[in-house]
Every structure is written in C-alpha cells, then in structure tokens.
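Q: Could we go through this structure together, beginning with what lies inside?

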Amino acid sequence: SGKTAIVIMLFATIAGLVLRVLIGLAIPGYPADMSCWTAWSQAAAGSGFFRAYQNTSFLDYPPGYLYILHILGSLGNLLGIECLTPAYNLLLKIPAIIADLAMGWILFGLAGKRNILRIGTMMAVLYIINPLTILNSAAWGQIDSILTLAVAGYIILLYRKRIFAATLVFV
C-alpha cells in the first residue's frame, strides 16, 4: 500500500542519511577535490562571491557550484567550524548527500504516478543504499549526484512540457 511504501522510504532515507553522515565524518574525501572545495568555499565566503576568482590561484569551476560553496563556507565560518576537519569536510559533502536522497524520492515519486509502487519503492531504496552513490558523495566528497539530480529534473520537466522550468534547470 501507499502508506507502507512511504514508511519504507522514510526508513531508507533516515538510514541512508545516518550512514552517509558517519562515513562523511570518518573519511576525509578525495584529497585534491576536498582541498579545492575548502579553498574555494573560504575564498567565496571571505572575499565575496564575485572576488573568489581573483583571490584564488586555481579555480576551474563555473560559478554555479561556487554559489553553493559560498553558502557552505559562510555557514562554516558562522558556526566556527575549522577547515580541513571532519566536520568541515562533512559540511562540504552535504549538498551531494542531500542530492542522493532527493534522487531516491524522485524515483519513488515517478513510479507512484505510474502505479508501480512496489518497483518504484525498490528502485528508490536500492538507489539510496547503493554503495557506489554512498562512496561517491559521502566518502569521496564528489558532486556527481548534484549534477545527476539536475539532469533528472530537466528531463522530467521536459517530459511534462514545462519548457521554461526545464530551461531554468538546464541553465
């Protein structure tokens, strides 16, 4: 039934979140990328978003993800979280962790609209507990799941003929 599926999804989401947080705290992430995320988040938070490119010797990302890093760096500074600590590394991994869990709910929602709730619930739970998605976001600190979520949103909006919204997501 629908209520059972929602309970299963809530349990999988909470378990997936707890697992990701524990792994995110225990594993510092891929060193090259985590040091870049840290430097860029601090540059954006410290000197302002628009000066981050001037005040950083190596910043090869377009501004889209820099907005997120600006928020994370500012939040880390506000909370007094020191850079290169497990807590700061986890802070930098949170957007990808949220994207992982959101993608599970998108899969669940798509299947529910097609009256294949069991299959959708199974697909969503398997996505949420997939060791590779956990490794990618929570352990390594990669942001692939954010891009995957954006592509999924774009495709869903296109399918629903919401062209303007799809264009915004795409951009």
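**Inside the chain**

A: Certainly. In this predicted model, the largest nonpolar core has 20 residues, of which W37, W40, L66, L69 and L92 touch the most other members.

Q: Which elements give two or more residues to this core?
A: They are α2 (31–47), α3 (63–79) and α4 (86–113). The largest share comes from α2, with 6 residues.

Q: And what is W37 in contact with, leaving aside its neighbours within four places in sequence?
A: With those set aside, W37 is in contact with Y61, Y65, L69, L92, G141 and I143.

Q: What lies apart from the largest core?
A: Another core, of 16 residues, lies apart from it; M9, L101, Y127 and I134 are among its members.

Q: Changing topic: how many helices and strands are there in the chain?
A: The chain has 8 helices and 0 strands. Along the sequence, the pattern reads α-α-α-α-α-α-α-α.

Q: What does the C-alpha trace span along its principal axes?
A: It spans about 55 × 40 × 25 Å.

Q: How many of the residues count as buried?
A: The chain has 171 residues, and 37% of them count as buried.

Q: What about the area that the chain exposes?
A: That area is about 9900 Å², and carbon and sulfur atoms supply 73% of it.

Q: Which share of contacts between residues at least 6 apart in sequence joins residues at least 24 apart?
A: Among those contacts in the chain, the share is 66%.

Q: Lastly, where do the charges stand?
A: The chain has 10 positive and 5 negative charges, and the mean positions of the two groups are 23 Å apart.

Terms used. Residues are numbered from 1 along each chain as its sequence is written. This is a predicted model: local features need pLDDT of at least 70, side-chain atom pairs count only at pLDDT 80 or more; totals for chains, interfaces and linings use all residues. Side-chain values use heavy atoms; hydrogens and water are left out. A nonpolar core is a set of buried Ala, Val, Leu, Ile, Met, Phe, Trp, Tyr and Cys residues joined through side-chain atoms within 4.5 Å. Buried means under 20% relative accessible area, exposed over 50%, partly exposed in between (1.4 Å probe, protein chains only). Helices (H or I, at least four residues) and strands (E, at least two) are DSSP runs, numbered from the N terminus. Contact means heavy atoms within 4.5 Å. Accessible areas come from the Shrake-Rupley method with a 1.4 Å probe; for residues, only the protein chains shown count as cover. Lys and Arg count as positive and Asp and Glu as negative; His and the chain ends are not counted. The place of a charge is taken as NZ of Lys, CZ of Arg, CG of Asp or CD of Glu.
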